[in-house]
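Morning, everyone. I have one structure to walk through today. Please have a look at it first.

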Amino acid sequence: MTRRGVSVSGAHAPVEPSPSVPSRSGISEQTILLCCLIGATQMTWGSVVPALPLYADRFGASALILGPIIAAFGVGRVIANIPAGLALRWWHPRPYLWAVCLLLALVTSVTGFSPDPGVLIVARVFAGLFGGAAVTVGFAALVARASADRRGRVMATATAVQMSAGAIGALVGGLALTCFTLEVAFAVAVVPLLLCLLWDAVRPATHYWQSLRPSDPAPSVAVRADTPWSRDSPSGTFRLRSAALASTVVALAVASFAAFFARFGGEQGLTPVLGYDRGGLTPLTLGFALAAATMVSLAAMPVVGRLIDRGYRLSVLIPGTLLAAVALLLYPAANGPWQFAAIVVLYGVASSAAGVVPSVIMSESVPKHLSGFVVGVTRTAGDIGAVAGPLVAFAVYDSFGAWSAVAAIAAVLVVANAFLIRVARSSRTLPIP
């Protein structure tokens, strides 16, 4: 079967490139720029991860206080995501993204001076509001404008950067904590974001800054017969198959919940605590371990992207999910910093690879003018997971210990992705290898 395009009747048809799409080299740079903007937004959170346990010590509180502090950021994002996505139906993506990124940089910079846990929690809520809006806008533009023939590679790059940016940020935060005061870590966290905005000011990502309003022209790529929306007139009007699309969006939302539950409850919650208490790590060595996971993940992404472009979606999703769950279960068994760091790398690579597939499903299944709304829905589900993850993880950890806490996170991850696999197979939104 020709992979480049299929008409709704099942006949093969070539995909015609859109005249608005720049050259391959232009698209490549602009894709990297947009991915970096999304990643730099994520780094504003990752950079402060090593600092948060130290704030618990400063305030004289137990580790249980970290749950509300981490969850506060997720609360802000839950509030912001769907309204941010819907606003793309009226607001132009570029000035919109610039505004929320600058507000995020301002709030993050002053957070380090919080005098008590209450102020710190409020500041993290506002950071979540602006950060959630920024990632929703950036990711919606990427989903809507990714070219069909390179969708797997584009989404692999975006997902790797998005999921790994927190780890790079943790290294930056660890270095800042080693060299400067605690407050400086928050100011350092915004520097990459400001540099990315400067990049866009000099060489803007023009292709991705096109409007996403419903009145825009219909997509220029052919539509597969098994996608949950279909062409029903010679003029190219698209009619949603609402039931199939709804089931796909629900599955994506559940998978997003699980990914954020694991990331905030495990990677950014329990990992620093267990790394310091059991793994013998310091803020700096934890940052290096998370950065190593990022580097290995990025090295694997070209292979992951090619596999996905060839149709091997589930062959990436299933092993990646299982390996991530196994890595979580190995955390309490780590004996020394090297073992703990190796487990951090295993978890980072596995979760990054598995996390690419839902983004590709979304890009294939959702019309461009609905991308902002659907990204908002899935990110809201994810951020509910970001709120629930640390609260559940630290409550279980405090009551039952590390084994029970990591087992709870692994179970959520496996069950949610099993649901996504089931929907993918039954709705045929994916080619099954």
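I'll start with the overall make-up, then take two helix pairs, and finish with single helices.

Keep in mind that this is a predicted model. The protein has 433 residues, and 56% of them are buried. Its secondary structure comes to 14 helices and two strands. Now the contacts. Take those between residues at least 6 apart in sequence: 83% of them join residues at least 24 apart.

On to the first pair. That is helix α4, residues 93–111, and helix α8, residues 191–202. How do they cross? Their axes come within 10 Å, at roughly 155°. Anything over 145° counts as roughly antiparallel, so α4 is roughly antiparallel to α8. The crossing of α4 past α8 is left-handed. Which residues meet? From α4 we have Arg94, Trp98, Cys101, Leu102, Leu104 and Ala105. From α8 they meet Leu193, Leu194, Leu197, Asp200 and Ala201. By class, this contact has nine nonpolar residues, two charged and no polar.

Look at the spacing on α4: Trp98, Cys101, Leu102 and Ala105 are among the contacting residues. An α-helix has 3.6 residues a turn, so residues three or four places apart point the same way.

Second pair: helix α5, residues 117–145, with helix α13, residues 371–400. Here the axes are 9 Å apart and the angle is about 130°. That makes α5 oblique to α13. This crossing, α5 past α13, is right-handed. On the α5 side, the contact uses Val135, Thr136, Phe139, Ala140, Val143 and Ala144. On the α13 side, the partners are Ser371, Gly372, Val375, Gly376 and Arg379. What is the mix of classes? The contact of α5 with α13 has six nonpolar, four polar and one charged.

Now single helices. Take α11, residues 313–330. Does its length add up, or what should we expect? At 1.5 Å a residue, its 18 residues should span 26 Å, and the end C-alpha atoms are 26 Å apart, so the two agree. Several α11 residues are buried, including Arg313, Leu314, Leu317, Thr321, Ala324 and Leu328.

Last stop: Trp338, in helix α12, residues 337–365. Is Trp338 buried or exposed? Trp338 has a relative accessible area of 76%, so it counts as exposed. Leu281 is 57 residues from Trp338 in sequence. In space, their C-alpha atoms are 9.1 Å apart.

That's my tour; over to you.

Key:
Residues are numbered from 1 along each chain as its sequence is written. This is a predicted model: local features need pLDDT of at least 70, side-chain atom pairs count only at pLDDT 80 or more; totals for chains, interfaces and linings use all residues. Side-chain values use heavy atoms; hydrogens and water are left out. Axes are lines fitted to C-alpha atoms, for helices over the stretch in contact, and angles run from 0 to 180 degrees between N-to-C directions. Helices (H or I, at least four residues) and strands (E, at least two) are DSSP runs, numbered from the N terminus. Angles under 35 degrees count as roughly parallel, over 145 as roughly antiparallel, 65 to 115 as roughly perpendicular and the rest as oblique. A crossing is left-handed if the near helix is turned anticlockwise from the far one by less than a right angle, and right-handed if clockwise. Contact means heavy atoms within 4.5 Å. Ala, Val, Leu, Ile, Met, Phe, Trp, Tyr, Cys and Pro count as nonpolar, Asp, Glu, Lys and Arg as charged, and the others, Gly among them, as polar. The expected span of a helix is 1.5 Å times one less than its number of residues. Buried means under 20% relative accessible area, exposed over 50%, partly exposed in between (1.4 Å probe, protein chains only).
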